[in-house]
Amino acid sequence: MRQATRTAAETDEAAPSDGANVRPEARGDGPVAVKTARAPEDAIGEAGRQPAGTPEATPFPETLDRSLHAAAARFTGGLSPAALAEAFLDWSVHLAFAPGKRWEIARKGMEKVSRFSGYSARCAFEGPNAETCIKPLPQDHRFDGEQWKYWPYNLIQQGFLLNQQWWHNATTDVRGVTRRHEEMAEFFARQILDTFAPSNFFWTNPEILSRTLATGGANLAQGFRNYMEDAERAVTGKRPAGAEAYVVGEDVAITPGKVVYRNELIELIQYAPATDHVKAEPILIVPAWIMKYYILDLSPANSMVRYLVEQGFTVFMISWRNPGPEQRSVGFDDYRAQGVMAALDVVEEIVPDQKIHAAGYCLGGTLLSVAAAAMARDGDDRLASMTLLAAQTDFTEAGELMLFISESQLAFLEDIMWRRGYLDSEHMAGAFQMLRSNDLVWSRLVQDYFMGDRPPMNDLMAWNSDATRMPYRMHSEYLRKLFLNNDLAEGRFDVAGRPIALGDIHVPVFAVGTERDHVAPWRSTYKIHLLTDTDVTYVLTSGGHNAGIVSEPGHKHRSYRMRTRALGDLYADPDAFLANAPSHEGSWWEAWADWLDQRSGEEVSPPGMGRGTGVVADAPGAYVRQD
């Protein structure tokens, strides 16, 4: 066992805690022998260390440029004007030199005018029963209401959909335009159209007009109150209305447990057993630090942690610190070393002589993959299995999020983070909302402010509003090495000065993708089959990036497909998986628990809480409560 003396960076100065429950070494009263993944002189936050790129260390000309870009970001929503201009010029110049394409889109425009005219004529005779000339896309529910079938709103919505289709024709399949620029042009044309959709305006939305007549305008009065409340909460930094009903440690994140370790980056929670005997092998869960861990420990009814301990597993969870300016120089490898590796060391102390089932969610799964590959390279065989929940390891098909990944955009993003030392939650939320602007922006505004309907808050929505930040250095490295360069999948990702390969991972893998994931598209997560040389069990579950993972037994309308590719089996592409993987009703949690159980040993007595390391505080700890 590698031993090191705890440094000042790992003392209680890192975060507040319940002093009565803190071990002497955690208060900095003396050294403690714990395993760490890096030497003390390399600890995060080393005294006197000058983070690269701080405003104080930046030459004036660069300071001027970065300050201008950061100021411009307030008006561009964090998008690089240069990147947008580059995509527009690429599309428009190639279109200008493509008379055939221009003739084609002109012809399609005339066809759409003809179709619209024919529909208008049919409406004059058949009324709302007239066959439409275009149908919305399957995910577009803006015009589902019965009132959209009546004049003049039927013509308004049909005209809008035809216009939307024409712009798709105009911005795609222009010969010579790079794929990313074409996708950007199509994406932003769609964003502009969605902004001016007839469903967003009072006089062109019959459902709003009908509600207003029926209530005598009470819906608009209530909508105005909703707007003023939201504006006041935004100015004062309060969470959305209703979120106060879900208090961390009281309503959510209440599975009993103890914080058994803390350094300046993580708290490690060990959950109390719920059964008389437990599986010998513990589970370590690595959540993403772009979100707070308790999405996996929400209310008791839908807590993954509670479900696992009730199945007889000993569960450990990493809770990440919410970084501020002082963590600006924390890098991606710090999250591996002081996060995953430090947690593994503590779990090994508490549950000695047993291998560990490791699970990672979203970005935490990507980090776990990096750690597992480095461990395999270095002969560290402490893992029993690896589970990846909506986690990508190859980023070539990372969906529309890739539209925001280019050298120009990343440089602009770095300038936004440069002065503060972190990327705040508003920019991250804005990027994700743009990917589903119909559902996450415009539909919500119509319901809240025009219809006067405030959807009831639930625990998942409250968790989603409990935002986190990303350190400057880590976020830059993450986007450049993984999204921009795809170093992990292509064998260029270095750990401790040497490259790692996911093909070195030989423990069994359980990977979960979700059908409607706009953050980690399931076809992207499916590529784990191509990158590892081991048994891979892949599950495709209904739902999106968050709701598909929080899929407890008994949840209505849940289903999943599952298939295992054993080592040596031929590769089956995603379409073949869809065609051949059997569909199951219910929760994939049960299948995962069975999978883990088959790879676990005999049941034993539960380990002591914090045995060998002591107890720092009661769960959920201090870090999860940081704003």
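This passage describes the overall make-up of a predicted model, the packing of helix H15, the setting of Thr 534 and the internal cavities. In this predicted model, local features require pLDDT of at least 70 and side-chain atom pairs count only at pLDDT 80 or more, whereas totals for chains, interfaces and linings use all residues. Residues are numbered from 1 along each chain as its sequence is written, and side-chain values use heavy atoms, with hydrogens and water left out.

The protein chain contains 19 helices and 19 strands, defined as DSSP runs numbered from the N terminus (helices H or I, at least four residues; strands E, at least two). Of its 627 residues, 53% are buried (under 20% relative accessible area, with a 1.4 Å probe and protein chains only). Among contacts (heavy atoms within 4.5 Å) with a separation of 6 or more, 82% join residues 24 or more positions apart.

Helix H15 (residues 472-484) packs against helix H9 (residues 332-350) at an angle of about 105 degrees, the axes being 7 Å apart; axes are lines fitted to C-alpha atoms over the stretch in contact, and angles run from 0 to 180 degrees between N-to-C directions. The two helices, H9 and H15, are therefore roughly perpendicular (65 to 115 degrees). Phe 332, Asp 333 and Tyr 335 of H9 meet Met 474, Glu 477, Tyr 478 and Leu 482 of H15. This contact comprises five nonpolar, no polar and two charged residues, where Ala, Val, Leu, Ile, Met, Phe, Trp, Tyr, Cys and Pro count as nonpolar, Asp, Glu, Lys and Arg as charged, and the others, Gly among them, as polar.

Helix H11 (residues 407-420) also packs with H15, at about 170 degrees and with axes 10 Å apart, so H11 and H15 are roughly antiparallel (over 145 degrees). Contributing residues include Leu 410, Leu 413 and Met 417 of H11 and His 475, Leu 479 and Leu 484 of H15. The H11 contact with H15 divides into eight nonpolar, two polar and three charged residues.

Thr 534 occupies the loop between helix H17 (528-531) and strand E15 (536-541) and is buried because its relative accessibility is 3%. Beyond neighbours within four places in sequence, contacts of Thr 534 include Ile 505, Val 507, Arg 565 and Leu 567.

Three cavities of 30 Å³ or more were counted; a cavity is a set of points on a 1 Å grid over the protein atoms alone where a 1.4 Å probe fits but cannot get out. Grid points are joined across faces, edges and corners, and a volume is the space filled by probe spheres set on the points. The second largest cavity has a volume of about 50 Å³. Its lining residues (an atom within 4 Å of a point) include Trp 289, Trp 320, Arg 321 and Thr 468, and the lining divides into five nonpolar, two polar and three charged residues.

Definitions and conventions. On a 1 Å grid over the protein atoms alone, a cavity is a set of points where a 1.4 Å probe fits but cannot get out, and a pocket is an open set with protein on both sides within 12 Å along at least five of seven lines; lining residues have an atom within 4 Å of a point. Angles under 35 degrees count as roughly parallel, over 145 as roughly antiparallel, 65 to 115 as roughly perpendicular and the rest as oblique. Buried means under 20% relative accessible area, exposed over 50%, partly exposed in between (1.4 Å probe, protein chains only).
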